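User: I would like a close look at a single part of this protein, with the reasoning spelled out. Please take the charged pairs as the starting point.

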Amino acid sequence: MTATTPTRTERTVEVGRRRIFVTEAGEGAPVVLLHGGGAGATGASNYSRNIDALATKFRVIVPDMPGYGRSSKDIDQSDPFGDLALAVRCLLDELGIDKAHLVGNSYGGAAALRLAMDRPDKVDKLILMGPGGIGTTRALPTKGLNALLGYYGGDGPSREKLSEFIREYLVYDASAVPEDLIELRYQASIQPDVVANPPLRRPSGRTALRTAVRMDFTRDRRLADVQAPTLVIWGADDKVNRPAGGPMLAKTMPNCDLYVAARTGHWVQWERADLFNDLAATFLGGAQ
């Protein structure tokens with residue numbers, strides 16, 4: 001007997017001053033999947049190999065983060081992770097959800113962790129895949145992070161720059177990335193409103209130092225107070241956010257498990273989808 005693929009729905013939710021585009025599937029405990037900050041990222045594309053599997057056990061909610069896809073493009077650059085956390089919290093409120101599991105990759109992981117610090121009452125369990133904001137002021141940026149932050153600089157965005165970032169820095173096996181994925185991401189990255197106001201950028205101006213410190217959660221004493229059961233999954237070959245961030249979180253957070261995935265880069269939920277889906281379903285309590 002063949003399992004039925006869960007039906008997906010799409011809608012735009014008014015969240016304060018913003019419009020948040022949301023894909024949903026499945027029923028059960030709410031699980032919010034928060035995508036990374038790479039150029040052209042969207043919720044449904046970043047979790048294309050996970051939504052259906054998780055939706056057989058949970059109500060899966062996949063927003064385009066502010067600044068990306070079909071959501072509003074404005075972000076408070078003086079405290080970007082705090083602003084993203086606020087957007088996620090307000091989205092949950094609009095959807096009538098008191099508390100949810102949060103799953104976040106990179107930029108989305110930073111948003112999830114910041115929400116767990118700001119409003120622990122809104123967070124059930126956390127799964128963080130190579131999250132941003134871990135020790136970022138304690139070492140120079142990686143080549144992968146520089147490539148990510150520099151996409152809109154210099155000569156501006158190009159398909160070549162995006163292809164190099166994804167194949168060289170985002171994944172372990174470059175040959176696994178299809179051309180149509182590159183093209184999809186590139187077209188999303190050159191929307192005029194995104195080019196005019198790139199969502200992910202280096203802190204700048206008079207508040208740059210304060211912003212940089214805010215964006216490094218290892219400088220925030222509240223990190224040690226996060227009680228939410230947490231699973232950190234980090235690719236051993238992550239070239240964007242250093243795998244050393246995993247032990248930092250496991251040492252600091254009181255209820256944090258760490259899984260290091262061999263031969264895997266920054267995009268663990270895509271590269272190792274079967275492994276990720278099994279780990280996530282078990283950890284979140286939906287395994288059968």
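Is lysine 73 buried or exposed, and what is its relative accessible area?

Analyst: In this predicted model, lysine 73 is buried, with a relative accessible area of 13%, which falls under the 20% cut-off for that class. The side chain of lysine 73 meets that of aspartate 193 in a salt bridge, with 3.8 Å from N to O, a value within the 4 Å limit for such a pair. Lysine 73 sits in the loop between strand S4 (59-63) and H3, whereas aspartate 193 belongs to helix H8 (residues 192-196), so the pair ties together parts that are 120 residues apart in sequence. The two partners fall into separate classes of accessibility: lysine 73 is buried, while aspartate 193, at 37% relative accessibility, counts as partly exposed.

This pair belongs to a wider set, for the structure holds 20 salt bridges. Another of them joins the side chains of aspartate 83 and arginine 18, at 2.3 Å from N to O. Because aspartate 83 lies in helix H3 and arginine 18 in strand S2 (residues 18-25), this bridge links parts that are 65 residues apart in sequence. Here aspartate 83 is buried, with a relative accessible area of 7%, and arginine 18 also counts as buried, at 4% relative accessibility.

A further bridge connects the side chains of arginine 159 and glutamate 183, at 2.8 Å from N to O. Arginine 159 is in helix H6 (residues 159-170) and glutamate 183 in helix H7 (residues 179-189), so the parts tied together are 24 residues apart in sequence. In this pair arginine 159 counts as partly exposed, at 25% relative accessibility, and glutamate 183 is partly exposed as well, with a relative accessible area of 31%. Beyond these pairs, salt bridges that share partners join Asp79, Arg114, Asp118, Asp220 and Arg222 into one network.

Helix H3, which carries aspartate 83, also packs against another helix: the axes of H3 (residues 80-94) and H4 (residues 107-118) come within 8 Å and cross at roughly 75 degrees. That angle makes H3 roughly perpendicular to H4, because crossings of 65 to 115 degrees are counted in that class. On the H3 side the contact is made by Phe81, Gly82, Leu84, Ala85, Val88 and Arg89, and on the H4 side by Tyr107, Ala110, Ala111, Arg114, Leu115 and Asp118. Sorted by class, this contact has eight nonpolar, one polar and three charged residues. Arg114 and Asp118 of H4 take part in the contact, and both also appear in the salt-bridge network.

Conventions
Residues numbered from 1 in each chain as written. Predicted model: local features only at pLDDT ≥ 70, side-chain atom pairs only at ≥ 80, totals over all residues. Heavy atoms only, no water. Axes fitted to C-alpha atoms, helices over the stretch in contact; angles between N-to-C directions. Helix = DSSP H or I, 4+ residues; strand = E, 2+ residues; numbered from the N terminus. Parallel < 35°, antiparallel > 145°, perpendicular 65-115°, else oblique. Contact = heavy atoms within 4.5 Å. Nonpolar A, V, L, I, M, F, W, Y, C, P; charged D, E, K, R; others polar. Buried < 20%, exposed > 50% of the residue type's maximum accessible area, 1.4 Å probe, protein only.
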